[in-house]
Amino acid sequence: MTRIAYAFELKNDFSELDRLCRNCDTVGESMGLSKKLIFEMNLALDEMFTNIISYGFQDDKEHIIRIDIAMEHNELQIRIQDDGIPFDPVMAEDPNLTCRIYDCKIVGLGIHLIKKLMDEIRYERANDMNVLYLKKHIPSPEPAKKKRKPKK
């Protein structure tokens, strides 16, 4: 299978969430992903993008968040890159999901969700940039069954 790849950049502003969603829909449809997979990709990227904007920068300056999405060998590959403060979501503590809703600290649910939606999540800090890699295996479509001619 040929590698299909897309890249786009967003500013660290919540107004960019709509553009992120539109880009996910466009990319997912062009890759032939199911609506369910497009939703999962969009949800994971929305959560990560929101976390980066909310916690990643210690100034009010404009920053660029780059997102690369590729499909190769039945695998959806996503790379998110930002110049925010170092943060490894892979090492983030899982939230307590056993407490009652009004007793729980609502921290880490987005990262927990990303870990559940994706098959692989990997982080590295390179050239003063956070680089997060997400992978999702895409099952091959079932071959169409041949219709048998009815016996007479």
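In the predicted model, Glu 120 stands opposite Lys 135 of strand E5. This pair belongs to the pairing of strand E4, which spans residues 120-126, with E5, the two strands running antiparallel and being joined by 7 bridges. The hairpin formed by E4 and E5 has 2 residues between its strands, and within this hairpin Asn 127 adopts a positive phi near 55°. Strand E5, comprising residues 129-137, also pairs with strand E3, comprising residues 75-82, in the antiparallel sense, and this second pairing extends over 8 bridges. Within E5, Lys 136 is the bridge partner of Leu 76.

These strands form part of a protein chain that contains 3 helices and 5 strands, arranged along the sequence in the pattern β-α-α-β-β-α-β-β. The chain has 152 residues, of which 37% count as buried, and its accessible surface comes to about 10,400 Å², with 52% of that surface belonging to carbon and sulfur atoms. Among the contacts between residues at least 6 apart in sequence, 65% join residues at least 24 apart.

Two residues were examined individually, the first in a strand and the second in a loop. Gln 81 lies in strand E3 and has a relative accessible area of 17%; because this value falls under the 20% limit, Gln 81 is classed as buried. The side chain of Gln 81 makes a polar contact, at 3.4 Å, with the side chain of Arg 79. When residues up to four places away in sequence are not counted, Gln 81 touches Ile 64, Ile 65 and Arg 66, and likewise Met 129, Asn 130 and Val 131.

Pro 89, by contrast, is found outside the strands, in the loop between E3 and helix H3, the latter spanning residues 109-117. Its loop position notwithstanding, Pro 89 is buried, with a relative accessible area of 2%. With residues up to four places away in sequence again left out of the count, the residues that Pro 89 touches are Met 48, Ile 111, Lys 115, Tyr 123 and Leu 132. For one of these, Lys 115, the separation from Pro 89 is 26 residues in sequence, whereas the distance in space is 9.2 Å from C-alpha to C-alpha.

Methods
Residues are numbered from 1 along each chain as its sequence is written. This is a predicted model: local features need pLDDT of at least 70, side-chain atom pairs count only at pLDDT 80 or more; totals for chains, interfaces and linings use all residues. Side-chain values use heavy atoms; hydrogens and water are left out. Two strands pair if DSSP finds at least two bridges between them. Helices (H or I, at least four residues) and strands (E, at least two) are DSSP runs, numbered from the N terminus. Buried means under 20% relative accessible area, exposed over 50%, partly exposed in between (1.4 Å probe, protein chains only). Contact means heavy atoms within 4.5 Å. A polar contact is a pair of N or O atoms within 3.5 Å; within protein, one must be able to donate a hydrogen and the other to accept it, and residues adjacent in sequence count only if both atoms are side-chain atoms. Accessible areas come from the Shrake-Rupley method with a 1.4 Å probe; for residues, only the protein chains shown count as cover.
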